[in-house]
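Reader: I should like to go through this structure step by step, with the reasoning behind each answer. Please begin once the sequence and the coordinates are in view.

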Amino acid sequence: MSRTALVLLLGLLGAAACAPPGPHGWANAAFGPAAPGAPLVYLVGAEAKLFALDPDTGQVRWQFPPEADRNLTAVYSPPAVGDGLVVVGAYDRKVYALDGATGAARWEFDTGAPVIAGPALGAGIVVVGNGAGRVVGLDPASGRLRWEYRTERPVWARPVIVGTTVLIAGMDHHLRALDARSGQLRWQFRADGALPGSPAVDQELVFFGGLDSTIRAVGLEDGRERWRFSAGHWVWNTPVAAGGTVYVGGLDGKVYALDAVSGRTRWVYAAPHRVKADPVLADGVLVVADEGGQVVGLRPSDGQVLWGGQEHNLGAPVVGAVAAGRGRVFVAAQNYWVYSFDSVTGAPKWRIQTRK
Amino acid sequence: MPSIGDLFNLILFNPMVNALLLLYVLLGHNFGVAVIAFTVIVRVLMLPLTLRQLYASRKLSQLQPKIQELQRKYRDDREKLSRETMALYREHGVSPLGCLVPTLIQFPIWIGLYQAIVFALSDRPEGLLELSRHIYPWLSIVHQAIPLNNRFLWLDLAHPDPIYLLPVLVGASTWVQQKMMTMPSADPQQQQMNQMMLITMPLMFAFFTIQFPSGLAIYWLVSNLISIVIQYFVTGWGSLLPAASTRPKPAASRRK
C-alpha cells in the first residue's frame, strides 16, 4: 500500500500540474469615440489591463491601471464606450468608469461577485451582470446604484440596451428584457441551454445563440420565438445582424449567415478552427477571427473569402471581440499582440505588443 | 499523427468526462451523487486489477522472512543475492512489480478524473471553453445541463471543504486502509518504515484534500471506503485488529 500510496500521490500531483490556470481573461477590442474629437481603440489585453490606442498608429495613449505592476485580475469582455466614458467590468468584482480621453478614474462599483460580462452603456444607464446572477443598473455620472435584478445563475453576457429595454442573457437559460429605467422585468424567454453570449438586435428581432447549439430569433416586444436554427456545437459569441441577415460563428468552426426573418441558411463558411470571437461588419466586409488565430474577411452576400492569408494568421487564439472603425479592423490575440488591418483589403496596418 | 495527449483524450478523458456528466443528468442534477456513482463504477471495473494487486502484496509479505534469510546469507555477494531472490519470486509465482503495475495502470484514470472534475465544475469561462472540446456534440442532454450545480450537502464541489471534515475523513480512511494492509514484520527497520508510512501517508493525503476541490475529495473518500471493504474480504482486518486476524478469515481469502 505504501508504494501504491506514493504512486497515487505522484499521480495527483501530476494532475494538479495539469489543472487549468486562471482566471486569465480574454483580449477584446472596442472602438470609440468615448469623447468628442478623440476616437480611440480601447483594448482589454489578455494581461487584464485596459489600453487606449491611437487607431492610426497603435500608440498607447493611456492604460488602466496606470501602475505597471497592477492589473484587474482578469477581464473577459470589451469595455463599453460612450458619453465620454469607458466602462469595464473585471474579475475583481468591480466595474470601473474612466474618462475616455485621459483614462482618469471617475468611479468604481463593487458588484459583490466576479464580473465576466462586460457592461452596457446607453439610455442614461450603465448595466452589468456578475457571476452571482446579480444585474445592476448604475448612474453613469456617479456609479450610484439605481436598481438591481437577481437571477439564479451567473450572467456572463454583456447586456444590450435598445431604446428603453435592456436585454440580459443568462447562464440560467433565460433571455430577459428589463426596463432600463427601473429594472422591472418585461418578458423572459427560456432556451434549452445556458446563454453565455450577448444577443444582437435588428428590425425588432433579437438574435442569440447558446450552449444548446441553437441560434434563435425572438420578438423584441414580446419575447416570443420566431425561429430557431441548429448549429453543430455551442454558439458562444454575439451575432451580427444587418441588412436582413444574421451572421454568427460557432464552436463547430462554422460561420452561419441566416435570413433574419425566416432563419433559413443563406451560406455557411467553414473556418479552420472554432469560432468564439464576435465577428464584425466593417465597410461591407464580415471579419471573422477563430481560435487558431486566423482572421478572414468575407463577402456578406455569399461568404466568399475576400482576404485572409498567411499574414492574417496571428499565431495565437482570438476569443474576444473584434472591433472596427475608420476603415480598419482591430484584433487582439491571447499572446498580447494587437493587430490592425484595412477592413476592405486586409492590408496590415500596424501591430503592437502590450506585454513584453 | 495523433499526439499522446490526443490519444489520452480520445480513449480515456473524453469518455470519463461525458460519463460523469451523463450520471449528473441521470441522478437528479446532483454532482456529488454523480461522483459517488462514478467512483463505484470505476472501482467495480478495476476490481480484477485491484484483487491481483492485493494478492500480490500479500504473497510478497508472506515471503519477507525468506527474503530476509537470503539477505543474511548472501550479504557479501550482491549478485548471488539478486539471483536467489528472483528465483524465490519465480518459485512462488510472485513479481516484485506485480503490486505496482495495476497501480500504474490506474494513474491515467486518476489524472483524467481529476481534470474531468475541475473542468466540469469550472466557474470560469476558460474552464467551460476547454470543457466544450471534450463533450460529445451529440450528447445534447449533457449540453443542456451546463453550467452544473456544484452544491452537495455543505460543500461547493468546485472548492475545498470549508469546515475541513473531508480532509479528516480522507486521512482517517487512508490510515485504516494502510493499517489493514501492513503485515507484521520482525525486521526493526521494516517496522520503522511501516510506522512512518502509517503516519505520513494519511497526513499527506489529508493535506492535499485541503487544497483540492471537494468533488475530488469525495471520490477519494468513497474510493478508500471501497478499498477497505475489498481489503477485508481478501486479507481480513490485517494489522488493524490483530486479535480478529487470528480468527478464521472470510471465505474469499481462505480460497487464495
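Reader: Among contacts in chain A between residues at least 6 apart in sequence, what percentage join residues at least 24 apart?

Author: The model is a predicted one. A contact here means heavy atoms within 4.5 Å. Counting contacts in chain A between residues at least 6 apart in sequence, the share that joins residues at least 24 apart is 41%.

Reader: What radius of gyration does chain A have, and which value would a compact globule have?

Author: The C-alpha atoms of chain A fill a box of roughly 65 × 50 × 50 Å along the principal axes. For 356 residues, a compact globule would have a radius of gyration near 21 Å, and chain A agrees with this, having 20 Å.

Reader: What percentage of the residues in chain A are buried?

Author: The accessible surface of chain A is about 12,600 Å², and carbon and sulfur atoms account for 48% of that surface. A residue is buried if its relative accessible area is under 20%. Of the 356 residues in chain A, the buried ones make up 64%.

Reader: How many helices and strands does chain A have, and what is the strand order of the open sheet of 4 strands?

Author: Chain A has 1 helix and 32 strands. Four of these strands form an open sheet with antiparallel pairing, in the order 17-18-19-20.

Reader: Which strands stand at the edges of that sheet?

Author: An edge strand has a single partner, so one of its sides is left without a neighbour in the sheet. Neighbouring strands of the sheet are turned by 20° against each other on average, direction ignored. The edges are held by strand 17 (200-202) and strand 20 (225-230) of chain A.

Reader: Which residue in strand 19 of chain A is the bridge partner of Val206(A)?

Author: Strand 18 (residues 205-209) and strand 19 (residues 214-219) of chain A run antiparallel and are joined by 5 bridges. In strand 19 of chain A, the partner of Val206(A) is Val218(A).

Reader: Are the residues of strand 6 of chain A buried or exposed?

Author: Strand 6 of chain A comprises residues 85-89 and is mostly covered. Leu85(A), Val87(A) and Gly89(A) point one way from this strand, while Val86(A) and Val88(A) point the other way. On both sides, these residues are all buried.

Reader: Which residues have a positive phi in the hairpins that strand 6 of chain A forms with strand 5 and strand 7?

Author: Strand 5 (residues 80-82) of chain A pairs with strand 6 in the antiparallel sense over 3 bridges, and Val81(A) has Val86(A) as its bridge partner. Strand 7 (residues 94-99) of chain A is also antiparallel to strand 6, with 5 bridges, and Val88(A) is partnered by Tyr96(A). The hairpin of strands 5 and 6 has 2 residues between the strands, and that of strands 6 and 7 has 4. The positive phi values are near 55° for Asp83(A) and about 85° for Arg93(A).

Reader: Which residues have a positive phi in the hairpins that strand 22 of chain A forms with strand 21 and strand 23?

Author: Strand 21 (residues 240-242) of chain A runs antiparallel to strand 22 and is joined to it by 3 bridges, with Val240(A) opposite Tyr247(A). Strand 23 (residues 254-259) of chain A is likewise antiparallel to strand 22, through 5 bridges, and Tyr256(A) is the bridge partner of Val248(A). In the hairpin of strands 21 and 22, with 2 residues between the strands, the residue is Gly243(A), with phi near 60°. In the hairpin of strands 22 and 23, with 4 residues between them and phi of about 85°, the residue is Gly253(A).

Reader: Why is the ring pair of Tyr247(A) and Trp267(A) described as tilted?

Author: Tyr247(A) lies in strand 22 and Trp267(A) in strand 24 (residues 265-270) of chain A, 20 residues apart, and both are buried. Planes under 30 degrees apart count as stacked and those over 60 as edge-to-face, with the rest tilted. The ring centres are 6.0 Å apart and the planes stand at 40°, so the pair is tilted.

Reader: Which residues are linked by ring pairs into a cluster?

Author: The search of the whole structure finds 25 aromatic pairs over all chains. Ring pairs link six residues of chain A into a cluster: Trp26(A), Tyr76(A), Tyr91(A), Trp156(A), Trp234(A) and Trp236(A).

Technical notes. Residues numbered from 1 in each chain as written. Chains lettered and ligands numbered in written order. Predicted model: local features only at pLDDT ≥ 70, side-chain atom pairs only at ≥ 80, totals over all residues. Heavy atoms only, no water. Pairing = 2+ DSSP bridges. Axes fitted to C-alpha atoms, helices over the stretch in contact; angles between N-to-C directions. Rg over C-alpha atoms; globule rule 2.2 N^0.38 Å. Buried < 20%, exposed > 50% of the residue type's maximum accessible area, 1.4 Å probe, protein only. Areas by Shrake-Rupley, 256 points an atom, 1.4 Å probe, with all protein chains shown as cover. Phe/Tyr/Trp six-rings, centres within 6.5 Å; stacked < 30°, edge-to-face > 60°.
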